[in-house]
Amino acid sequence: MQFLHKAAIAVALAMPLASVPVSAQHYRWDFTVNGGYSWLSGKLIDRSDFDFSDFDLIDDFDDDIFDGGNKVGLGNGGTVGSQLGYWFSKRVGLRANFAYTASDISRRNDILFEPLVVNPLLVNPILRGPFDFFSHDINIWNGTGDLMVRLNTPRTRWDGFEWLPYVALGLGATWINPAGNGFNLVNDFPIIVDGEIIDGGGRDVVPIRCSFILDTCAVLEKSTKFTGLLGLGMDLRFKPSFGVRLEFGDRIWEAPTRLVDVDPDFPFLFREVADIGHTINQMYLTAGLTYMFGFVHPPVRTVVAPPPRPAPPPPPSTEDITVCVVDPTYAAGLRTITATRNLSTGDTTVMKNGNRVSLAEAVSNVPVAGNASWYTSGAPLEIGTTPHVFKYLTVGGTRNIEAGELAYLGTINGIPVFADRLTLAPALTNLGPNTDLNRLVMESADARTALETVSVIYVPVQPTGCVFQALQKQVEVRKK
C-alpha cells in the first residue's frame, strides 16, 4: 500500500506540469493509479463435486451453505491498482498491470461438528462442540503484462479534449492469499514421536466445507495461478500529458480448491485427495488518473531547395488514334482501325499493304450513301422490285452511332444497310456481307415478312467516323 500512496503523490505533483502548453502530444510512457470494484463470478465448490447432503447430521446447515443455489463462491470487493505503459507507436503498446482485490468466501464456510456417539444405533448422534469458520478474508493480487491497442489514433497536435478507446489482452498470474488462517495442507500426515510432530510443514489453506464424520473437507489453498486478461477501456485526455482512464475487463484464473482428508489426530492438518478447482471470472470496473511522460519530439524538417526543373521534352509530332470505318466485306460491316495523325498538319495516315497511305485514300472505294444519287436528290431508297418493294425516306439529320448498337443486314447496290440490333426480327439476323437485300426480298417470303417489322434502317453517309442517316419506311395510305 505504501507503493500506491507514493504513486498517488507522484501523480498529484505532476498535475501542474500537465497544464504547460505544448505543440504535440506523442508520449512514450504513461503511469496510472486506479481504483474500483471487482465482481468474482464462478464457484469454489458446488454439489456436483462436493456434496455432503447425504450424511450431514443437521440438514439445516447444508441449506446455510448452499442457500440460493448449489455453489460456494468468492465475494465481490473493492480493488486498487497501478499500471505502467510503454507505447511503441501511437496505437500499439505494452503495460505492466498490477491490482489488489479484497474478497471473502461469499457464503458461510461451515460449522464443524465433532460427534460423540453414545450409541452407534442412534440416528442422530450427540454433537460435541462446533467450530465456527463463519468468514474469512481472501487477499487477491493480480499481475499481468498487457498488449494495448488503441482503436483510433491520437491527434498529432494538441487541440483540446479527446477520447482514445483501446482494447487490452494480457497474460500473467494471480496470487490467492487467505488471511489469518491456521490450517495446513501436507502431502502426507506427519509422524508423531513422543507426542511431537515430525515433518510438520505444509501450505496454508482455508476450510470451505467439512464433514468430520468422513474426515473430509474442501479447502482453498494459498497459491499462484496462471491468469489471462481481457479489457476494454477509454483514455480521456484533458491536458497533453494528463488524463483519466476508465476500464472494464475480466481476469480469468482457476480457483485453487482442493478435496482433502482430515488428520483425525490433528484436525488442522489436511492431505490432498483431488483438485476440484473451477474457473473464476474476476470482472472489474476501474477509474484512474494517468500521467504521460517521455515526450517524443517531432522530427526536424530540413528545407532543401528543389532541383531545377529539367527542360520539358519536345511535344510529340504524331499520335495514334482509333477510327471507325465502313467495310462492307467485314462481318459486322464496321471495324475499328488504328491510324496516325500528324499534329502539325492534321493529316491522318494508315498502313495498307505494307505502305503508309492517307486515310482518305485507303477508304476511297468504300460505297456509302453520301455518294449515291438517290440520297443527294432526296429520293427514297428502294429495297426489292415490284410487286415486292419497300421504300425508305430520310428522316432527321445524320448522327454518330456506336457500332455495337447496329446489326448488319446486307447491301443495296453495294451500300451497307443496318438496323437496330435490339428490335431486329430473327429472320434478318446472321445475314452479313454476302447478302444482296434486293435478291433476298424477291426470293424469301420470311425475309419480306420480317422486313415489314423494320420501320427504320440506317445507311453510312461517309466511310469513316460511324456517321449514319436514318431512313423511315414509307407507308402507302389509301382512301376509302
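1. A quick definition to start: two strands pair if DSSP finds at least two bridges between them. Helices (H or I, at least four residues) and strands (E, at least two) are themselves DSSP runs, numbered from the N terminus. With that in hand, welcome to the structure, which is a predicted model: local features need pLDDT of at least 70, side-chain atom pairs count only at pLDDT 80 or more, and totals for chains, interfaces and linings use all residues. Residues are numbered from 1 along each chain as its sequence is written, and side-chain values use heavy atoms, with hydrogens and water left out.

2. Let us look at confidence before anything else. The average pLDDT (the predictor's confidence in each residue, from 0 to 100) is 79 for the protein, and 79% of the residues score at least 70. Residues 1–23 have a pLDDT below 50, and this stretch has 25 contacts in the model beyond near neighbours in sequence; contact here means heavy atoms within 4.5 Å. Residues 54–69 also stay under 50, with 35 contacts beyond four places in sequence. Where pLDDT is low, the predicted coordinates should not be read in detail.

3. Now for the barrel. Eight strands close into it in the order β1-β4-β5-β8-β9-β15-β16-β19, with antiparallel pairing. Neighbouring strands of this sheet are turned by 25 degrees against each other on average, direction ignored; the axes are lines fitted to C-alpha atoms, for helices over the stretch in contact, and angles run from 0 to 180 degrees between N-to-C directions. Strand β15 (residues 223–239) and β16 run antiparallel and are joined by 11 bridges. Within that pairing, Leu232 has Phe248 of β16 as its bridge partner.

4. Arg251 is a residue to click on in strand β16 (residues 242–254). Which side chain of opposite charge is nearest to Arg251? The nearest is Glu247, 6.1 Å away, and Arg251 is buried without a salt bridge. Buried means under 20% relative accessible area, exposed over 50%, and partly exposed in between (1.4 Å probe, protein chains only). For charge, Lys and Arg count as positive and Asp and Glu as negative, while His and the chain ends are not counted. The residues that Arg251 touches, leaving out those up to four places away in sequence, include Asn97, Asn142, Thr227, Asn281 and Tyr284.

5. Asn139 is found in another barrel strand, β8 (residues 137–150). Asn139 counts as buried because its relative accessibility is 18%. Among the residues that Asn139 touches are Tyr100, Thr101, Trp175 and Asn177. Asp104 is 35 residues away from Asn139 along the chain, and their C-alpha atoms are separated by 8.0 Å.

6. Next, strand β14. Six of its six residues are buried. Thr216, Ala218 and Leu220 point one way from β14, while Cys217, Val219 and Glu221 point the other way. In a regular strand the side chains alternate between the two faces of the sheet. β14 and β17 run antiparallel, joined by five bridges, and Leu220 has Thr257 of β17 as its bridge partner.

7. Salt bridges come next: a side-chain nitrogen of Lys or Arg within 4 Å of a carboxyl oxygen of Asp or Glu. How many does a search of the whole structure find? The search finds 16. One joins Glu221 and Arg258 at 3.1 Å, N to O, linking strand β14 (residues 216–221) to strand β17 (residues 257–262) across 37 residues. Both Glu221 and Arg258 are buried. Asp261 and Arg271 form another, with their closest N and O atoms 3.7 Å apart. Asp261 lies in strand β17 and Arg271 in strand β18 (residues 269–275), so this pair ties together parts 10 residues apart in sequence.

8. Further along the chain, Lys473 forms a salt bridge with Glu452, their closest N and O atoms being 3.6 Å apart. This pair links strand β30 (residues 467–473) with helix α6 (residues 445–452), 21 residues apart. Lys473 is buried, with a relative accessible area of 15%. Elsewhere, salt bridges that share partners join Arg203, Glu221, Arg258, Glu272 and Asp275 into one network.

9. Finally, four strands form an open sheet in the order β20-β21-β22-β23, with antiparallel pairing. Its edge strands, β20 (318–326) and β23 (355–358), each pair on one side only. The twist averages 40 degrees from one strand to the next. Nine bridges hold the antiparallel pairing of β20 with strand β21 (residues 334–342), where Thr322 stands opposite Thr338 in β21.
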